[in-house]
Amino acid sequence: MKKTKSKVIILLIIAALIAIIPLLTLKGAEFGGSDDAGSKVVSEITGTDYKPWATPVMETWIGGELPGEIESLLFCLQTGIGVGVLAFFMGRFVERTKKENQENKKHER
Amino acid sequence: MNQKERKIIFIAIAFAIIFGVTPVANAMHIMEGYLPLKFCIIWGVICIPFLVAGYLSLKRTLSTNRRSITIVAMSGAFIFVISSLKIPSVTGSCSHMTGTGLGAILFGASSVSILGIIVLIFQAILLAHGGLTSLGANTFSMAIAGPLITYGIYKLCQKLKVNKYVGIFLAASIGDLFTYCVTSIQLALAYPSQSGGIAASAAKFLAVFAPTQLPLAIIEGILTVVIIMGLETYAKSELADIGFLKGGEN
């Protein structure tokens with residue numbers, strides 16, 4: 001149990017480092033999306049400026065590009081929903097295990 | 001799987017073969033409107049049998065054991081979180097992970113297609129990320145091809161008696177990378193390069209995606225291992241119910 005805990009912590013630190021190091025070392029990089037980089041390659045290969053034949057639904061609804069702040073809001077919303085569900089169930093599991101352990105101890109006595 | 005379910009899957013596969021195979025034509029999130037209509041439809045149709053199989057497989061998991069819904073919800077939530085995090089990478093651009101590895105390892109590849117498509121629809125409608133027209137292609141790469149490889153590698157590692165966590169790590173990260181490979185191929189098929197054809201075009205797209213995705217794939221592998229460790233510690237009975245701890249077929 002203790003061993004698992006330290007393993008988890010080490011793994012999380014490695015994961016965080018992989019994400020942070022490029023940010024610190026590559027100064028002045030743009031960090032645009034690689035999904036967008038894909039569209040540049042499309043233009044490159046077809047030789048012409050590729051014109052998408054459909055626009056995202058949201059952009060037709062609001063009649064323009066989604067403002068950056070709103071986009072990050074929606075991304076946060078997505079993360080929030082996910083984390084909420086994960087944390088809720090994880091919390092339940094942790095509490096349940098605790099209770100079971102306590103009961104087992106009682107039986108032993 | 002009972003007779004009726006078998007029949008439905010069979011019909012769906014037949015449907016896909018009829019419509020899908022015609023010209024072999026066929027990206028991670030391909031942008032809205034970036035895939036010719038023909039390709040959109042073909043990929044969409046190819047996804048249908050997988051989605052049907054996924055639906056039935058999920059239903060079966062839930063009907064055999066009602067309690068496993070918590071683990072299903074958590075795998076779905078994991079995809080939600082992981083695929084919303086844009087992480088800076090060595091190439092100076094950002095990308096995000098797929099998160100589909102966890103579900104694939106726990107429930108098998110087909111169930112993830114349902115969880116994946118929910119996330120993709122959410123992102124396509126609200127975030128202008130991916131798109132409704134390219135939904136079929138995106139579903140195929142992220143929710144079908146990636147998980148299939150993940151599941152395959154996980155099972156292979158189990159057979160070869162590789163350490164369980166190493167196996168999970170490899171499965172999740174290679175599955176993530178493979179998702180982007182499929183995306184590159186899908187884009188290449190739609191936009192073959194004039195000089196080198198499809199292969200040259202695929203190499204070009206891969207050159208954009210692969211270096212960015214490699215470190216992210218490693219992170220995804222690590223996170224998947226961490227969450228499985230957590231579940232093993234606290235939710236042993238649920239994992240045993242879905243046949244994960246026994247290493248049984250599921």
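**View 1. Burial and element order in chain A.** Of the 109 residues of chain A in this predicted model, 15% count as buried. Chain A holds four helices and one strand. Read from the N terminus, its elements follow the order α-β-α-α-α.

**View 2. Helix α2 of chain B and its kink.** Helix α2(B) covers residues 37-64, 28 residues in total. From first C-alpha to last, α2(B) reaches 41 Å. That is close to the 40 Å expected at 1.5 Å a residue. The helix has a kink of about 30° at B:Ile48. The proline B:Pro49 follows shortly after this kink.

**View 3. Strands β1 and β2 of chain B.** Strand β1(B), residues 86-88, runs antiparallel to β2(B). Three bridges join the two strands. One pairing to look for is B:Pro88, whose bridge partner in β2(B) is B:Cys94.

**View 4. The two faces of strand β2 of chain B.** Strand β2(B) spans residues 93-96, and both of its faces are covered. B:Ser93 and B:Ser95 sit on one side. B:Cys94 and B:His96 sit on the other. All four of these residues are buried. B:Cys94 is also the bridge partner of B:Pro88.

**View 5. Helix α8 of chain B and its kink.** Helix α8(B) runs through residues 197-234 and has 38 residues. Its first and last C-alpha atoms lie 52 Å apart. The span expected at 1.5 Å a residue is 56 Å, and the helix comes close to it. A kink of about 40° lies at B:Gln213. Shortly after the kink comes the proline B:Pro215.

Technical notes: Residues are numbered from 1 along each chain as its sequence is written. Chains are lettered from A and ligands numbered from 1 in the order in which they are written. This is a predicted model: local features need pLDDT of at least 70, side-chain atom pairs count only at pLDDT 80 or more; totals for chains, interfaces and linings use all residues. The expected span of a helix is 1.5 Å times one less than its number of residues. The bend at a residue is the angle between axes fitted to the seven residues ending there and the seven starting there. A residue is buried if 20 or more other C-beta atoms lie within 10 Å of its own, exposed if 12 or fewer, and partly exposed in between; C-beta atoms are placed from the backbone. Two strands pair if DSSP finds at least two bridges between them.
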